[in-house]
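Q: Can you walk me through the ligand site here? Please start with how contacts are counted.

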Amino acid sequence: MLVEKNVPLQPFNTFGIAAKAHSLVRLRSQVDVRTWVEQTPQKDHLVLGGGSNIVLTGDVKPVVLKVEIMGRALVRETPRAWIVEAGAGENWHDFVTWTLEQGYPGLENMALIPGTMGAAPVQNIGAYGVELQDRFDSLDAVDLDTGLEFTLDAAQCGFGYRDSVFKHAAPEVAASGSQGYGLAGRALIVRVRLALPKAWKPVLGYADLERKRAESGVTEPTAQQIYDWVCDVRRAKLPDPKLIGNVGSFFKNPTVSREQCEDIIARDPKIVHYKMDDGSVKLAAGWLIDACGWKGKSIGNAGVYERQALVLVNRGTGSANPADCATGGEVMTLAKAIQTSVYERFGIRLEPEPVVV
Ligand code: EPU
């Protein structure tokens, strides 16, 4: 267990926001986690994975737990699936690439999503018609109050759209009635297992992928082909955090009732919307923000990406002058201004996707 003091967090958050951790602990094994639990009676902490879904608004006083538990392997095979496992510190995209190299398809639609394995279940990552929960087997976590390890299956993780038990504090989730418990701040995920289907079928249907299919003339693409298309599409419209700091989608796509949607369509016929199985309608937050004229705009050094209004960016990434870099405060001021204008025009409250610290 490695403990460091006054650690700059800029390299550890993909927004590239400058902030410091008063104390940072690198957890490289389960033994490290147990040692930390045993040695720390007062547990005020922040778990950090790849830092790709976090906005730092100042120096972090709670101890930052940086999960660096590695390892990936095929752990089991059933007649239907390969069960593959990865340590929580493994990079998500590298894992996706590895599974395809090993001949286990199923994660290709989620290629290039930034972040780590441990963070993937927390917000049930997803892209192009596949979510983590569609491929999930189970995970191991450590209870940071007791040091005991436990295993959760998909139902116990309470997955929803960019949501899980790991995002909710216990009373909050119990009050909503959806789950009996919440595990935010309590569980530290150490290993994740995914079930990759032997009877693999491509998941297409998303306009961007269908366009790629039409362009290539391929009617029955392989998983590797879809992986390549997804990488191309994402590289074309999402900024690479190494060059332009960002956390992917900044807001969730809001869901409204059919009546509400009809009302909005009557006023804005072009609104991009998708009908959900339960009768509700999901609206494209990117479209709403774009319609309010935010694309390319900035507040201070925080901006709205020119090619995708759903993504907020750090305009000062890579600059040698720290004053060029966006602060967490600027990012949140911009986010609030966007929320206000979307609310004033459409009556819809956008909810941020990343965790604001
Ligand atoms: N749109 C605009 N203007 C914009 C942005 C989008 O008009 O500036 C329109 C697009 O033309 C499109 C629609 O809005 O018709 C939806 O946009 P897009 O497909 O680009 O993105 P999305 O569906 O809103 C979601 C996920 C992404 C994921 C993609 C692909 C959320 C919040 N975002 O975006 O996830 O990659 O679908 O499946 O659900 C992430 O979570 O970080 C992320 C990138």
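A: Sure. A polar contact is a pair of N or O atoms within 3.5 Å; within protein, one must be able to donate a hydrogen and the other to accept it, and residues adjacent in sequence count only if both atoms are side-chain atoms. This is a predicted model, where local features need pLDDT of at least 70, side-chain atom pairs count only at pLDDT 80 or more, and totals for chains, interfaces and linings use all residues. Residues are numbered from 1 along each chain as its sequence is written, and side-chain values use heavy atoms, with hydrogens and water left out.

Q: OK, how far is an oxygen atom of the ligand from an N or O atom in the side chain of Tyr 161?
A: 2.7 Å. For the side chain of Arg 234, an N or O atom sits 3.0 Å from a ligand oxygen. Ser 249 joins in through its backbone, with a polar atom 2.9 Å from an oxygen of the ligand.

Q: And how much of the ligand's accessible area does the protein cover?
A: 82% of the 830 Å² that the ligand has on its own (Shrake-Rupley method, 1.4 Å probe).

Q: Which residues are closest to the ligand?
A: Tyr 128, Tyr 161, Asp 290, Gln 308 and Ala 309, out of 22 that surround the ligand (a heavy atom within 4 Å).

Q: Which element gives the largest share of that shell?
A: α8, with three residues. Helices here are DSSP runs of H or I with at least four residues, and strands are E runs of at least two, numbered from the N terminus.

Q: What's the shell like by class?
A: 11 nonpolar, five polar and six charged residues.

Q: Why does the ligand lie between domain 2 and domain 4?
A: Because domain 2 (72–197) and domain 4 (245–356) both give residues to the shell around the ligand. The bounds come from an automatic or database domain assignment.

Terms used: Nonpolar A, V, L, I, M, F, W, Y, C, P; charged D, E, K, R; others polar.
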